[in-house]
Amino acid sequence: QLQHPSAEVREYACASISKLLQQKHVIPAFLQRDVVRCLGPLLMDHSLAVRETAAGALRNLSACGGFEVCDDMVTNDIMTPLVALLKECSTELDANQLSPKKCRETNKNYIEDIANEAINLLWNICECNNTAVYIFNKEGCLEAVLRYMKKFSTNVDLAISVANCLQAVTEDNPDLLSSFNASAQQVLETVMLCAESTMKHVLLRTLIAGTIWNIKDTIPPGSLGSMVNAILKIFSESLAIDAGETIIRMNEAEKNRLKLAAEAETEENMSDVVDNCLLSEDDNMEEIPKGKLRRENDVSDLLPSDKWELKEVTALLTAQQTALEIIVNMCCSEDPSDDEWEELSSSDESDLFMENSYNEGGGLLMTPLCLSDEVHSAFLNNLIPKKILEKTAFPNSVALDICMHNPSWKPLIKKLNAVQCRALTCLHSILLVSDVDCLGGASALQSLAQHLSQLIFSKTELPADTEFLEAITSALRALLQTMASKNISQCMTPEQLLALCEAGIHSSNASVRVNVVSILGISGSVLAKGQDTAETLKMIGKFLLEVAMKESSLVVAGEALDALFDVFADGKEAEKAAVQIKLLPTLKEFQPVFRTRMRKEGKGQYSTDQLCVLDNVRMNLRRFIAYQETLGKTPT
């Protein structure tokens with residue numbers, strides 16, 4: 001049917017394939033039948049309707065198929081017709097000469113609709129495939145794409161698609177920076193300054209702000225401060241909107257709209273009945289209202305009604321999630337990556353904050369991360385930490401209830417949870433890069449600790465959501481680390497933290513296990529400085545020893561050893577507890593086992609950075625054993 005001479009048949013075939021490709025399990029069968037090579041040429045079909053449906057089908061394939069499918073699409077040369085289509089639509093955009101025959105509706109702009117599908121396809125592929133990004137650069141696609149962006153005042157959906165694509169192609173793409181000349185930057189700035197207040201416009205501004213952050217190296221140094229401030233102002237405005245209240249308000253608006261539509265329909269039907277009754281029986285066959293007949297035959301009535309209220313809420317939550325993700329990038333932009341920091345920070349408690357004597361000889365030390373002055377002041381000016389904290393709370397229960405009982409709104413629950421998780425990840429990053437005074441001082445940190453403990457312990461069981469658990473334990477770890485380094489008393493009881501760790505260590509997520517072990521290490525090292533804490537230190541020590549010896553992941557086992565070094569590095573209570581749990585003989589026995597595991601499992605399973613950290617743990621284990629041996633020889 002894709003090869004059929006009739007454009008309508010080709011369009012129908014594309015539309016059918018498009019619908020089927022939304023079901024992930026059928027994608028392999030279509031790939032076996034070379035669907036990319038079959039649909040690709042139709043992007044340049046004589047019929048605009050065919051172009052649009054072909055682009056839509058390929059968009060669905062790229063969105064539902066994931067990385068491997070996108071790679072396959074690039075291998076099958078989808079970029080050649082896609083780039084040609086984008087450039088042709090771009091040149092026709094201003095001319096906007098549409099044949100009336102090709103427009104089924106007076107308000108349909110085929111060029112912009114085709115462009116929207118094509119841009120989404122380009123975005124999906126470029127997000128997954130570096131070759132596609134290289135072709136984007138080489139073919140000068142930026143100019144064409146920016147031309148679509150200029151339509152933002154009349155077609156915000158197209159502009160959002162372009163903004164998503166731009167954010168993807170500008171990330172870690174230095175080769176593209178030279179293309180962002182003054183006129184290109186002007187297009188982005190114009191959109192950023194747009195004053196429209198709809199949620200779609202909030203999303204558009206947020207995405208453009210993210211793109212400008214990606215191309216910050218093209219901004220003159222003198223303008224950097226104002227640029228960062230403008231970006232964070234947009235994020236602040238986006239995060240200031242209460243998503244729960246917006247859901248409640250928009251749901252009410254939808255109900256009112258549907259009620260009015262139903263009333264109008266009833267009135268029209270009543271009018272039809274009255275009109276028909278006035279007609280004679282013979283005339284009745286000829287005088288059926290044309291409008292009524294048209295409605296019954298119009299297939300568009302079979303599609304869902306235009307859910308603009310739902311789309312507005314979705315745009316808001318996407319904007320907030322995007323803003324939070326970019327803020328995390330801003331915190332980490334000039335320092336080690338998140339993963340690197342996670343791995344390297346395992347030695348922070350002992351080396352950087354606790355200044356333990358046994359490790360004075362070196363090791364893998366890190367200084368605290370720090371924000372540039374421009375970003376730091378813009379964070380505070382725009383109340384970013386406060387806004388992030390507000391988003392860490394659980395979603396509004398009334399809003400959740402609305403979503404639970406409305407099938408089309410139910411997907412919003414996942415987005416609400418995603419925003420909370422991103423906010424917790426953001427909080428983790430902010431804690432790592434900000435000093436205590438900027439965060440509001442000791443009392444603010446203690447309040448934050450209470451807030452996080454409520455999030456964790458508000459329910460009888462530990463939350464099962466892995467993403468939430470990773471985010472909350474990361475934030476708690478960073479907070480307790482900061483508080484310990486400044487000798488701020490911690491609000492959580494050792495029993496609470498042990499309960500968290502005993503539950504968290506069974507998580508399938510290795511990052512959660514690393515976090516809970518680290519949390520116990522920080523808490524234990526603080527307790528070791530106190531009085532009458534030996535019994536609690538014994539419980540902590542036994543727990544950490546068991547993790548170190550039985551944990552399947554070497555990274556988690558290494559973190560448990562690091563935590564043991566922190567807890568038992570110093571203090572009379574720690575010495576007493578160490579003797580009672582036989583820490584020294586146990587570690588001496590375990591040392592060759594750990595070395596053997598590193599030799600056997602290290603290669604291939606772990607990254608270079610992880611191996612570097614594990615090697616550091618191995619050396620610290622040797623030093624710690626020697627340190628413990630000297631304690632045993634020292635007269636009391």
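This report describes the helices, salt bridges, a buried tryptophan, a charged surface patch and two unusual backbone angles in one protein chain.

## The chain as a whole

The structure is a predicted model, and every value given below was computed from that model rather than taken from an experiment. The chain holds 32 helices and 0 strands, and 51% of its 636 residues count as buried. When contacts with a sequence separation of 6 or more are considered, 76% of them are made by residues 24 or more positions apart. The surface that the chain exposes comes to about 30800 Å², and carbon and sulfur atoms supply 53% of that area.

## Salt bridges

A search of the whole structure finds 20 salt bridges, and three of them are set out in the table, each with the distance between the closest nitrogen and oxygen atoms of the pair.

| Pair | N to O distance | Place of the residues |
|---|---|---|
| Glu88 and Arg51 | 3.0 Å | helix 5 (residues 79–95) and helix 4 (residues 48–75) |
| Arg147 and Glu143 | 3.4 Å | helix 8 (residues 141–149) |
| Glu390 and Lys386 | 2.8 Å | helix 21 (residues 384–391) |

Glu88 forms its salt bridge with Arg51, and this pair links distant parts of the chain, since Glu88 belongs to helix 5 and Arg51 to helix 4, with their positions 37 residues apart in the sequence. The two partners also differ in their surroundings: Glu88 counts as partly exposed at 26% relative accessibility, whereas Arg51 is buried, with a relative accessible area of 9%.

The salt bridge between Arg147 and Glu143 lies within a single helix. These two residues are 4 residues apart in helix 8, and therefore they are separated by about one helical turn. Arg147 is partly exposed, at 24% relative accessibility, while Glu143 is exposed, with a relative accessible area of 57%.

Glu390 and Lys386 are likewise 4 residues apart in one helix, here helix 21, which again corresponds to about one turn. Both side chains count as partly exposed, Glu390 with a relative accessible area of 42% and Lys386 with 46%. Elsewhere, Lys87, Lys138 and Glu139 are joined into one network by salt bridges that share partners.

## A buried tryptophan

Where in the chain is Trp409 found? Trp409 sits in the loop between helix 22 (397–404) and helix 23 (411–433). Although it belongs to a loop, Trp409 is buried, because its relative accessible area is 0% and the cut-off for a buried residue is under 20%.

Which residues are in contact with Trp409, once its neighbours within four places in sequence are left aside? They are Ile247, Met250, Asn251, Glu254, Glu309, Leu310, Val313 and Cys403. Ile247 illustrates how the folded chain brings separate parts of the sequence together: Trp409 and Ile247 are 162 residues apart in sequence, yet their C-alpha atoms are 9.3 Å apart in space.

## A positive patch on the surface

On the surface, Arg595, Arg599, Lys600 and Arg622 gather in a patch of positive charge. Helix 31 (residues 583–605) contributes the largest share of this patch, namely 3 residues. Lys600 lies in helix 31 and is exposed, with a relative accessible area of 68%.

## Two loop residues with positive phi

Most residues other than glycine have a negative phi. Against that background, two residues of this chain can be pointed out.

Leu383 is not a glycine, and its phi is positive, near 55°. This residue is found in the loop between helix 20 (373–381) and helix 21, and it is partly exposed, with a relative accessible area of 45%.

Lys582 also has a positive phi, of about 55°, although it is not a glycine. Its place is in the loop between helix 30 (572–580) and helix 31. Is Lys582 buried or exposed? At 54% relative accessibility, Lys582 counts as exposed, because the cut-off for that class is over 50%.

How values were computed
Residues are numbered from 1 along each chain as its sequence is written. This is a predicted model: local features need pLDDT of at least 70, side-chain atom pairs count only at pLDDT 80 or more; totals for chains, interfaces and linings use all residues. Side-chain values use heavy atoms; hydrogens and water are left out. Patches are made of residues with over 30% relative accessible area and no salt bridge: like charges are joined within 9 Å, nonpolar side chains (Val, Leu, Ile, Met, Phe, Trp, Tyr) within 5 Å. Accessible areas come from the Shrake-Rupley method with a 1.4 Å probe; for residues, only the protein chains shown count as cover. A salt bridge is a side-chain nitrogen of Lys or Arg within 4 Å of a carboxyl oxygen of Asp or Glu. Lys and Arg count as positive and Asp and Glu as negative; His and the chain ends are not counted. The place of a charge is taken as NZ of Lys, CZ of Arg, CG of Asp or CD of Glu. Buried means under 20% relative accessible area, exposed over 50%, partly exposed in between (1.4 Å probe, protein chains only). Contact means heavy atoms within 4.5 Å.
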